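The following exercises introduce the structure step by step. Each task is followed by a worked solution.

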Amino acid sequence: MPLIQKIQARPISFHSIKSLFKSTGSTASTELEKPLTSLPNATGIGAFAEPVTYQVLGSSSNLLNIKLPKSSILNLRYSSSNQKIIAMNGHINSLCLEISKTADSGLIFQRCFNEKEAMSFLIAPKAHNSCFAVAENGESNWILKKSSLLSWSGPGIRPVSPKNNYSYVQMIGSGSFVISCPGQLIQLDLKEGENIRVNTKSIVAYTHSRGDDGSFNELEGNVKSIVDFSVGRAPASLRFNWVLSYLKIPESVSTDPNFKMILHTLHSLTNYIKTAILKLKSLIPYHRSDVFVELKGPKTLFLTNSVHVNDRVLTKAEINRLTYT
């Protein structure tokens with residue numbers, strides 16, 4: 001038999017009903033709270049999430065401090081062969097890692113977040129001559145070498161141009177990112193009306209206006225030139241004579257007609273071999289590292305002094321591309 005519980009009714013008094021319609025009265029203006037002048041920060045994903053912060057340390061900018069708030073997302077291209085963790089705060093066991101890959105540029109990275117606590121990492125490059133730099137993606141988008149991108153939080157990534165084998169990427173949206181490369185990084189700010197010619201191999205990152213279509217025209221379509229202050233190599237025959245000058249050859253041998261004929265034959269073979277090597281090199285795809293491009297302000301650039309220049313004779317096609325139009 002079901003159990004029936006008897007509920008006892010309690011009468012509502014007139015004063016209780018009257019209190020529902022009671023006016024609270026006007027509040028003095030001095031009691032009103034001041035309007036909010038800044039947006040609050042909160043952990044987690046969303047418009048008010050606390051962002052990941054980066055700080056470059058050390059006199060040579062070879063230390064990077066990353067502060068990861070609770071539940072915030074850090075995109076990191078960490079490799080134990082390129083970087084090393086010096087110190088950290090927090091428990092590594094509670095850090096969640098997800099391997100991801102961009103669909104367009106094929107960039108593989110890790111998505112890091114911790115739902116239990118905030119963490120911080122102190123990272124250093126394994127190469128002694130490498131350094132870090134932090135930049136903000138805001139009013140202007142950044143274009144940078146894909147190999148130099150280490151970490152980012154906020155902006156998205158898309159490839160720039162298939163002509164460069166997607167070796168450059170463009171940062172889309174607001175946020176900050178970190179670049180790392182061998183050598184010393186130099187930040188150069190160009191004002192309106194200023195221009196500069198830089199080695200294309202020394203360019204790590206640069207800004208461009210949001211109105212651009214991201215077709216990488218600044219490095220592909222601008223006027224290029226060759227700047228070379230070095231002295232050319234001495235001819236092979238002259239270098240061969242220098243070697244002979246250090247050898248103690250008897251005068252009777254050096255004046256012998258047969259010996260002179262052998263030297264003449266060696267000089268001819270050297271010229272033939274050099275010509276054959278130059279023709280073989282012209283058949284191999286190659287991009288000169290001493291080609292300069294003109295960039296105009298307003299613009300911010302990151303340049304590196306780690307540039308390897310290879311001597312090579314210009315082909316006819318390269319000369320045509322370098323011709324002023």
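**Exercise 1.** In which sense do strand S10 and strand S13 pair, and over how many bridges?

*Solution.* This is a predicted model, in which local features need pLDDT of at least 70, side-chain atom pairs count only at pLDDT 80 or more, and totals for chains, interfaces and linings use all residues. Residues are numbered from 1 along each chain as its sequence is written, and side-chain values use heavy atoms, with hydrogens and water left out.

Step 1. Strands (E, at least two residues) and helices (H or I, at least four) are DSSP runs, numbered from the N terminus. Two strands pair if DSSP finds at least two bridges between them.

Step 2. S10 covers residues 149–153 and S13 covers residues 175–182; their pairing is antiparallel, over 4 bridges.

Step 3. Individual positions can then be located: Trp152 lies opposite Phe177 of S13, and Leu149 lies opposite Ile179 of S13.

**Exercise 2.** Place S10 and S13 in their sheet, and state which strands stand at the edges.

*Solution.* Step 1. The sheet is open and antiparallel, with 6 strands in the order S5-S6-S3-S10-S13-S8.

Step 2. The edges are taken by S5 (96–101) and S8 (130–137); each has a single partner strand, so one side of each lacks a neighbour in the sheet.

Step 3. From one strand to the next, the twist averages 20°. Axes for such angles are lines fitted to C-alpha atoms, for helices over the stretch in contact, and the angles run from 0 to 180 degrees between N-to-C directions.

Step 4. S8 pairs with S13 in the antiparallel sense over 8 bridges. Of the 8 residues of S13, 7 are buried, so S13 is largely enclosed by the rest of the structure. Here, buried means under 20% relative accessible area, exposed over 50%, and partly exposed in between (1.4 Å probe, protein chains only).

**Exercise 3.** Describe the surroundings of Asn137 in strand S8.

*Solution.* Step 1. The bridge partner of Asn137 in S13 is Gly175.

Step 2. Asn137 has a relative accessible area of 2% and is buried.

Step 3. The side chains of Asn137 and Asn141 are joined by a polar contact of 3.2 Å. A polar contact is a pair of N or O atoms within 3.5 Å; within protein, one must be able to donate a hydrogen and the other to accept it, and residues adjacent in sequence count only if both atoms are side-chain atoms.

**Exercise 4.** How many residues of strand S7 are buried, and with which strands does S7 pair?

*Solution.* Step 1. In S7 (residues 119–125), 7 of the 7 residues are buried, so the strand is largely enclosed by the rest of the structure.

Step 2. Met119, Phe121, Ile123 and Pro125 point one way from S7, while Ser120, Leu122 and Ala124 point the other way; all are buried.

Step 3. S2 (residues 63–68) runs antiparallel to S7 and is joined to S7 by 5 bridges. Asn65 has Leu122 of S7 as its bridge partner, and Lys67 has Ser120.

Step 4. S4 (residues 83–89) also pairs with S7 in the antiparallel sense, over 6 bridges; Gln83 stands opposite Pro125.

Step 5. These strands belong to an open antiparallel sheet of 4 strands, in the order S1-S2-S7-S4. S1 (53–57) and S4 stand at its edges, each with a single partner strand, so one side of each has no neighbour in the sheet.
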